[in-house]
Amino acid sequence: MQILAKCPKCDAGLPVDAEDAPATIKCGGCGREIPLTISEPVRADAAVDRCPVCAGADFYIRKDFDPKVGLTVVIIGALVSAGFYWFGRDLIAYGILGSAALIDLIVYGRLKDLTVCYRCHTEFRGEYERRAPAFDLHIADLLELEYERRIGRR
Ligand SMILES: [Zn+2]
Ligand SMILES: [Zn+2]
């Protein structure tokens with residue numbers, strides 16, 4: 001399992017391999033030492049049950065989507081269709097715009113789910129079974145506040 005640990009101080013993402021994660025990592029952004037408590041299921045890529053950074057047990061699932069990729073596809077599609085539009089070939093232009101949107105959809109559909117910790121936003125990627133529910137704004141508000149109070153950010 002790949003973990004993207006989020007620094008509690010500066011929010012920098014620190015990639016860690018769960019299989020041989022050290023007991024403590026040092027943030028490259030602010031130099032803070034972050035202790036990691038990797039649970040057995042996380043180490044074995046079996047499940048995300050406990051966050052190694054904040055010890056929380058509340059997670060949500062979201063698509064592992066890189067917005068830059070989707071945007072690039074749309075921009076290329078728009079540019080090509082603008083070119084056709086310029087020459088008065090509307091139908092082809094709309095067709096290309098449509099296929100760009102379709103490619104986007106296919107790319108999106110093939111994306112894997114990613115587990116995110118509600119409290120500290122640490123991300124988990126691996127072959128484990130996804131069991132966390134979808135994102136809930138109300139839960140996020142509560143847990144983020146609790147976490148930020150605990151680490152003294154509020
Ligand atoms: Zn940091
Ligand atoms: Zn966490």
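Which residues make up domain 1 and domain 2 in the domain assignment of the protein chain? In this predicted model, domain 1 covers residues 2-58 together with 117-150, and domain 2 covers residues 67-109.

**Figure 1. Overall view of the predicted protein chain and its two assigned domains.** The protein chain holds 4 helices and 7 strands, and read from the N terminus these elements follow the order β-β-β-β-α-β-α-α-β-β-α. The radius of gyration of the protein chain is 20 Å, well over the 15 Å that the globule rule gives for 154 residues, so the chain is more spread out than a compact globule. Its C-alpha trace spans about 60 × 35 × 30 Å along the principal axes, and the C-alpha centres of domain 1 and domain 2 lie 37 Å apart. Of the 154 residues in the protein chain, 21% are buried. Among the contacts with a separation of 6 or more, 56% link residues that are 24 or more positions apart.

**Figure 2. The open sheet of the protein chain, with its antiparallel pairing.** The sheet is formed by 5 strands, which stand in the order 2-1-7-6-5. At its edges are strand 2 (13-17) and strand 5 (59-63), each of which pairs on one side only. Neighbouring strands of this sheet are turned against each other by 25° on average when direction is ignored. As a general point, the strands of a sheet pair through backbone hydrogen bonds, in either a parallel or an antiparallel manner.

**Figure 3. Close-up of strand 1 between strand 2 and strand 7 in the sheet.** Strand 1 is joined to strand 2 by 5 bridges, and the two run antiparallel; within this pairing, Gln-2 stands opposite Asp-17 of strand 2. The same two strands form a hairpin with 6 residues between them, and Asp-11, which lies in the turn, has a positive phi of about 70°. Strand 1 (residues 2-6) is also joined to strand 7 (residues 123-125), here by 3 bridges and again with the strands running antiparallel. In strand 7, Phe-124 stands opposite Ile-3, while Glu-123 stands opposite Leu-4.

**Figure 4. Close-up of strand 6 with strand 5 and strand 7 in the sheet.** Strand 5 and strand 6 run antiparallel and are joined by 5 bridges, with Phe-59 standing opposite Cys-117 of strand 6. Strand 6 pairs with strand 7 in the antiparallel sense over 2 bridges, and the bridge partner of Val-116 in strand 7 is Glu-123, the residue that also stands opposite Leu-4. Strand 6 and strand 7 form a hairpin with 5 residues between the strands, in which His-121 takes a positive phi near 70°.

**Figure 5. The largest nonpolar core and the surroundings of Cys-54.** In soluble globular proteins, nonpolar side chains tend to be buried together. The largest nonpolar core of this model has 21 residues, and those with the most contacts inside it are Ile-3, Ala-5, Ala-18, Val-53, Cys-54, Cys-117 and Cys-120. Two elements, strand 1 and strand 6 (113-117), give two or more residues to this core. When its neighbours within four places in sequence are left aside, Cys-54 is in contact with Cys-117, Arg-119, Cys-120 and Tyr-147. Two residues of this core can be found again in the sheet views, where Ile-3 stands opposite Phe-124 and Cys-117 stands opposite Phe-59.

**Figure 6. Val-80 and Pro-22, each viewed with its separation from Ile-92.** Val-80 lies in helix 2 (residues 67-86), and it counts as partly exposed because it has 16 C-beta neighbours inside 10 Å. The C-alpha atoms of Val-80 and Ile-92, which are 12 residues apart along the chain, are separated by 9.8 Å. Pro-22 is found in the loop between strand 2 and strand 3 (24-26). Is Pro-22 buried or exposed? Pro-22 is exposed, because 11 other C-beta atoms lie within 10 Å, and a residue with 12 or fewer counts as exposed. The C-alpha atoms of Pro-22 and Ile-92, 70 residues apart along the chain, are separated by 55 Å.

Conventions
Residues numbered from 1 in each chain as written. Chains lettered and ligands numbered in written order. Predicted model: local features only at pLDDT ≥ 70, side-chain atom pairs only at ≥ 80, totals over all residues. Rg over C-alpha atoms; globule rule 2.2 N^0.38 Å. Buried ≥ 20, exposed ≤ 12 C-beta atoms within 10 Å, placed from the backbone. Contact = placed C-beta atoms within 7 Å. Domains from an automatic or database assignment. Pairing = 2+ DSSP bridges. Axes fitted to C-alpha atoms, helices over the stretch in contact; angles between N-to-C directions. Core = buried A, V, L, I, M, F, W, Y, C linked by C-beta atoms within 7 Å.
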